[in-house]
Each structure stands twice: as structure tokens, then as C-alpha cells.
Amino acid sequence: MIKLTDVNACYQDFHVLKNVSLAVEKGQIVVMLGPNGHGKSTVLKAICGLVKKVSGLIRFEGENITGLGSEKLVDMGITYIAENRELFPQMSVLENLKLGAYSRSARAFEKKNLEKVFDLFPRLRDRQSQLASTMSGGEARMLAIARGLMSNARFLAIDEPSLGLQPNLRDEVAKIIKQINGQGITLLVVEQNIPQITELADTLYVLEEGRISFEGSKEDALGNDHLKEIFLGM
């Protein structure tokens, strides 16, 4: 579904990604691990049209999408969910959700997707009129993911969904990611060292200093002493 070949990305003169190649097959959950500041978020942003200086090749379902803008990519079914959530704090839960259906392809499915979102996140149904600014960290994270689903996405790039959450909420987020995948949505998830999310992965990648240093299954990762100690918290 998504394939990167020798992708480089820069912020002004700072070379962040260095010949990154990876693949996410349709229906998979792929997890990317790595230290802070080594380019994980930039991989997601490069895929989703949020980095200006990108070279190499990015394909979505065989089509070259390198350099396309984010609005065009959202319309194609590619959605980025940022780690800082980027909610509209003085708007209600329902208003934030409806803003997620802004693209041309999503508008016709707004009502249907809203019901799907409320089935996944029952507490959002109960708090439709609540201001986003008054939500807890866990609730805000769920709202951000739900708003991403309102875009009628077929591919979700989720940046650190468990960041700052208590362990019980990390478990809940992991269950939700599994449920989303069960609806036929493909996911590329960036995390640091969250075993709950890593356990869901069909394939794991590790990014260090802007380069892929590991690609393999959970089983391969568990046999790698470096990964177990540094990234899997074991």
C-alpha cells in the first residue's frame, strides 16, 4: 500500500532522513521505533505531504505521491495524526470530529463515519458538547484519533499515540488501534518503547540517526539484544 524507496528529507539545511526504504502492506499494522529526535515523525510527515524538501520515491497503491500536498493526500485516503493532537480547544468534541470530514471524499461519509467513531469511542458520544480544552490527556488522544478516522482514511500514520498516557490508557489505545485495523484500515505507528503497541505489529522498523537500522518481525526483534534493551524495555 505504502512504499518508500531511498527517501531523503531535509528541514532547511538539516538532513533528517537518509535513504529510508520501507513498506506497509495493505491491512498491516507496522510500528516504527527509535530514539527521540532521530526522524521517526519526519517519516510520517514525508508520507503525508508535510515536509517540503523530500527526494526519493513514495508510492501509495502503486501511484507516485512524492511531493504531493497534504490536502490531496487526505482526499486519497492518507491521514496523519500528530503526537501533539492539534485539536481546536475552544470547539466541542462534535465540532472537532466534523472538521475531520473536511475533504471532498469524506463529506459524503460523514454520518456513517461518525457512527463508526462513536462505536469505537463511546465516551466521545457521551461528551459531544464538551469543549476539547476540558478533556483529559487520554480523552484528547482518543478525540485526535477519532477525528483522523472522520477523514475516511484508508491509511493512518499515527505519531506516538501513547505519549504521556498512564499504563491503563496505553492498553486502551492499543486495543483501539487493533479495532481500527480490524475495520480494514492500514496503519503505520511511530512509538518509542511501548510494548502494548509493539505487540500488535506485523512488521517492526527501527530508525536511528535518520536511517533504518532494523526491519523484521516481533520474533526477530525479541532475538535482538540491542532492541530488547533499548526499545522494547526488556
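The following dialogue asks how several descriptions of this predicted model are justified.

Student: How do you know that the protein chain agrees with a compact globule?

Tutor: For 234 residues the globule rule gives a radius of gyration near 17 Å, and the protein chain has 17 Å, so the value agrees with that of a compact globule. The C-alpha atoms fill a box of roughly 45 × 40 × 30 Å along the principal axes, and buried residues make up 48% of the 234 residues. Among contacts between residues at least 6 apart in sequence, 68% join residues at least 24 apart. The chain holds eleven helices and ten strands.

Student: Why is Q28 called buried?

Tutor: Buried means under 20% relative accessible area, and Q28 has 17%, so Q28 is counted as buried. This residue lies in the loop between β2 (14-24) and β3 (29-33). Leaving aside neighbours within four places in sequence, Q28 is in contact with A23, N181, I185, T186, L187, D202 and T203.

Student: What makes G56 partly exposed?

Tutor: The class runs between the 20% limit for buried and the 50% limit for exposed, and G56 has a relative accessible area of 41%, so G56 is partly exposed. G56 is placed in strand β4 (residues 53-60), and beyond its neighbours within four places in sequence it is in contact with T5, D6, V7 and T66.

Student: D6 appears among those contacts of G56; which class of exposure does D6 belong to, and why?

Tutor: D6 has a relative accessible area of 41%, and since this value falls between the limits of 20% and 50%, D6 is also called partly exposed. D6 lies in strand β1 (residues 2-11).

Student: What makes the phi of D6 worth pointing out?

Tutor: Most residues other than glycine have a negative phi. The phi of D6 is near 50 degrees, a positive value in a residue other than glycine. E209 likewise has a positive phi, of about 55 degrees, although E209 is not a glycine.

Student: Where is E209, and why is E209 counted as exposed?

Tutor: E209 is found in the loop between β9 (203-208) and β10 (211-216). Exposed means over 50% relative accessible area, and E209 stands at 60%, so E209 counts as exposed.

Student: How do you know that the length of helix α7 agrees with its number of residues?

Tutor: Helix α7 (residues 137-149) has 13 residues, and at 1.5 Å a residue, counted for one less than the number of residues, these should span 18 Å. The end C-alpha atoms of α7 are 19 Å apart, so the span agrees with the expectation.

Student: What makes α7 mostly covered, and what covers its buried residues?

Tutor: Twelve of the 13 residues of α7 are buried, and the helix is described as mostly covered. The buried residues include G138, R141, L143 and L149. What covers the buried residues of α7 includes the strands β6 (78-81) and β7 (155-159), together with the helices α3 (93-99), α5 (110-120), α6 (122-126) and α8 (167-182).

Student: How many positive and negative side chains does the protein chain have, and how far apart are the centres of the two sets?

Tutor: There are 28 positive and 29 negative side chains, and the centres of the two sets lie 6 Å apart. The accessible surface of the protein chain comes to about 11,000 Å², of which 47% belongs to carbon and sulfur atoms.

Conventions. Residues are numbered from 1 along each chain as its sequence is written. This is a predicted model: local features need pLDDT of at least 70, side-chain atom pairs count only at pLDDT 80 or more; totals for chains, interfaces and linings use all residues. Side-chain values use heavy atoms; hydrogens and water are left out. Helices (H or I, at least four residues) and strands (E, at least two) are DSSP runs, numbered from the N terminus. Buried means under 20% relative accessible area, exposed over 50%, partly exposed in between (1.4 Å probe, protein chains only). Contact means heavy atoms within 4.5 Å. The radius of gyration is taken over C-alpha atoms; the globule rule is 2.2 Å times the number of residues to the power 0.38. Accessible areas come from the Shrake-Rupley method with a 1.4 Å probe; for residues, only the protein chains shown count as cover. Lys and Arg count as positive and Asp and Glu as negative; His and the chain ends are not counted. The place of a charge is taken as NZ of Lys, CZ of Arg, CG of Asp or CD of Glu.
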